[in-house]
Amino acid sequence: MPETGNALEKPRVGLFVTCLVDSIRPNVGFAALALLEAAGCTVEIPLAQTCCGQPAYNSGADDATKPLARAVIETFEPYDYLVAPSGSCAGMIKAHYPELFADDPLWRERAEKLAAKTHELLSFLADLRGFRPRNVLCKATAAYHDSCSGLRELGVKAQPRALLDAVEGLELRPLEGEETCCGFGGTFSVKYSDISAEIVGEKARNVEAAGADLLLGGDLGCLINMAGKLRRDGARTRVFHAAEVLAGMADRAIGEEA
Amino acid sequence: MTAPAQDFHTRVEKALRDPQLKIALERTTGNARRKRAAAVAAWPDFEAARAAACAIKDHAIEHMATYLEMFENNARASGAQVHWARDAGEASRIVIDLCKASGAKVVTRSKSMLGEEIGLPHALAEAGLRRVETDLAEHIIQLAGETPSHIIWPAAHRTREDVAKLFDQYHHEKPEGHDVVSMVASARKELRADFFTAEVGISGANFLVAETGAICTITNEGNAELTTTPPRVHIVTAGIEKIVASTEHALQLTRLLVRSATGADLTQYTTFHCGPKRAGDRDGPEEFHIVLVDHGRTRMLAEMPEMLRCLRCGACLNHCVVYRAIGGHAYGGAYPGPMGSVLTPVFDGLEQSRDLPAACTLNGQCKQVCPVDIPLPTLLRHWRARSFRAGHEPKAVSLAITIWAFFAARPRLYRMAQAAALPALRLFAKGGWISSLPLGSGWTATRDFPKPPRQSFLAAIRKGATR
Amino acid sequence: MSAREKIFAAIRKARPERATPAEIGAQAQACSEAMKRTLPALDQDDLAALFTARASSEKVGASVERVATLADLPPAVARYVASNNLAPDFALQPDPRLKNLAWGELSPGAPLRADSALAVGIALCGVAETGSLVFHSSPEAPTLYDFLPLHHLVALDAKSLVLRLENYAAFAQRLAIPRNVNLVTGASGTTDIEGVLARGAHGPGRLHIVIFD
Ligand code: SF4
């Protein structure tokens, strides 16, 4: 199914903006929209979307997750692709919806069909659209954190780097432990906030040691976690979603006011 | 294992307050991670090897009854006595009875996590037997009166400085220096005599080889052979999932097990024991007993068979951000880290260990490094779902999730609540950040939270905004 | 029902055996073959060189020397004794091939003790892949010779070398199953304190291998 999409001149993409971007950082949503359009997609943003259900699913509340998953499936079935600016939410839809409906053949089939055409934004742009940003300038050094779900569930690793490589003036610096979890883990960061704090403490030290101006990543949850810790520790590192940089919309970093 | 009295949160708090712990853990697990990475890099097809290792274990699990029977017959033919235990209590009792029957006063042990799992140290003490732990790390924690905090490095929570203090205090002859080599030499001297006074030596097993009836142990200090060869009686305790088809399969798995654990190609000693002393042998035990333990494994066979693949290599611990933050004791079970969080609910019951599967970011690094590709995050989530269904989760948490899901399933209501919440939250912000979040005080105790926007992305889109 | 019967009943309930022994054997074989295909390539031409490189690598930490024939073992032992300032008496593994050598000034008759300084033995075979020595216990090869001494000096017949662990497993299948098999890969050691390798835990602190043709 997704393979036919490869050939599509102008695919219809349903942008699943994710609940965090929707509520906390709309700029990432606008950046995703701009990038997808620049990559030749017709983008629609279904207004009925809320959340993929991951917080409930990872809390073990399968029954509470199912209505949310069904709603996402129904809402995004009509599109050629579902694209989300988050490896974690895309991973939820791609890897876990089919598991969620393991005992429900009808919904399982629909979940699998949607899973097949669901993509994380940066890998979608790089792999399926062959996109590279043009004339985007960002004079800065940056460290890149590989968020876990994108990295391990979806294999997002080279794509964001390839895209960022095309940004003029941007220099990527190595980050010690770039593939190590930042300690966010969704509800984990609230339920076990002390353990989460210890983990993000180590991450923040590594980010500071990298000595880059910017910290970039592909998942807002992790970025908020790291940005919040860096800010509390008094670090100067500015934190952006990679899409914001790629779209040339990296004006105000997370936590910076107008 | 009886669960420690304190609850998980208390143990975590204690661990996080201990700066020495963090240093010790980082030295051991950091070394382990680096060495494993180098070993894996030298095996270009490592991913395919993991899949092959997985298939070898799955094969044994699929034919478990056949292979266990074959093992038992071959072991008996070699002169070994095979005992079966359904649970921890039964297993300990069998071992204690064997010790008593042999008139033992001193028992040497070489490291075995199964022994910890079935509470053997405690049972031996209750039976009035002097227990001598001969593995260096087990010796250290025996002196300190502790339990293991890592399945490969039981004393991973102790720095070399801690060990020096313990040896200075307890060894008959103090170590000549406080460098690692002198301390190892000191332990060698301290334990030498006990190897020859013990009447019984107890070990574990890494594999039970069906084809030969031998048990395989993988060790590096030489203490294991000195524990199992001189005493008159050798008792092996092993979980039934250790069964493999053949010597070849055992060795093939060992290649991955050792690389994943310490980064070596093989440990110093890969040993196969098959029965007691034979005619003409100058050494070896006169009695050889194998205690095969179920303790939840047949239940796992039905419910989470993947976990029976576990080789106990410890890689998932070394690569776990939570383990590295809190150490092994905070988990409260015999096995810590990701694999422990899957196993402890099997052994100790889900209700009292529900925190373990929950206290995980599900980042998946454990699965990535596991030599037999156990889907640890999936299994942990499986426990969460069970716990939620059984009503073990704290009421406030399940209520919050239920209410949130109720709104999220109703976009209109969700929008309305969101439209009210965002401006309200903004009131807590100062200079773009919230430093004390209502209902999220745990988060903001150590980090800030960005000030949310006036309106959500979707609200802006509805109004026709483009950026 | 006994514990044994209950355990088997539970296993059979979850995993009823449907395959014939021949099918199970074929599956087991396929598993080994699949693993073999993943193994990194090794230079098979000179097993002794491969073995030497592995055994003397930093990871394994043994010392290795090569002599022409087994008759050259006594001088090799004499050199080792001299360079390590050891007494000339040592424990000799009761293997007839060793007993009959011309030991000259050396006295190989010392009994094996808990604190023996040196034992001299001979391996059944060696595994080149890992630099491991293989011992099968027997009246001529007691287990403790490999574990009690501080220095362990082992003769290894170059013709007995096999390439990989799988080759050893195949070789062992043709022999009677011994009471005790030890694959010894380097001198004893421990990483129990902070993950740092220290040699000479409870077993030998030094392993010296003399390969003969
Ligand atoms: S779960 Fe995997 S990584 Fe963890 S100890 Fe077991 S085999 Fe090793």
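Colleague: How many residues does each side bring to the contact between chain C and chain B, and what makes it a contact?
Modeller: Chain C brings 75 residues and chain B brings 99. They count because contact means heavy atoms within 4.5 Å. Mind you, this is a predicted model: local features need pLDDT of at least 70, side-chain atom pairs count only at pLDDT 80 or more, and totals for chains, interfaces and linings use all residues. Residues are numbered from 1 along each chain as its sequence is written, chains are lettered from A and ligands numbered from 1 in the order in which they are written, and side-chain values use heavy atoms, leaving out hydrogens and water.

Colleague: How much area is buried between chain C and chain B?
Modeller: About 7200 Å², with carbon and sulfur atoms giving 58%. Buried area is the accessible area (1.4 Å probe) that two parts lose on being put together, summed over both, so that figure covers chain C as well as chain B. On chain C's side, C:Arg179, C:Glu194 and C:His202 supply 14% of what chain C buries against chain B, more than any other three residues.

Colleague: Why is A:Thr18 called buried or exposed?
Modeller: Buried means under 20% relative accessible area, exposed over 50%, partly exposed in between (1.4 Å probe, protein chains only). A:Thr18 has 3%, so buried is the word. A:Thr18 lies in the loop between strand S1 (12-15) and helix H2 (19-24) of chain A.

Colleague: And which word fits C:Asn85?
Modeller: C:Asn85 has a relative accessible area of 71%, so exposed. C:Asn85 lies in the loop between helix H4 (73-83) and strand S2 (91-92) of chain C. Helices (H or I, at least four residues) and strands (E, at least two) are DSSP runs, numbered from the N terminus.

Colleague: What makes the phi of A:Thr18 worth a remark?
Modeller: Most residues other than glycine have a negative phi. For A:Thr18, phi is near 80°, a positive value. C:Asn85 has a positive phi too, near 55°.

Colleague: How do you know where the domains of chain A begin and end?
Modeller: Domain bounds come from an automatic or database domain assignment. For chain A that gives domain 1 (12-127) and domain 2 (133-257). Their contact takes 28 residues from domain 1 of chain A and 28 residues from domain 2 of chain A. Between them they bury about 2100 Å², 69% of it on carbon and sulfur atoms. A:Leu20, A:Arg25 and A:Leu122 supply 28% of the area that domain 1 of chain A buries against domain 2 of chain A, more than any other three residues.
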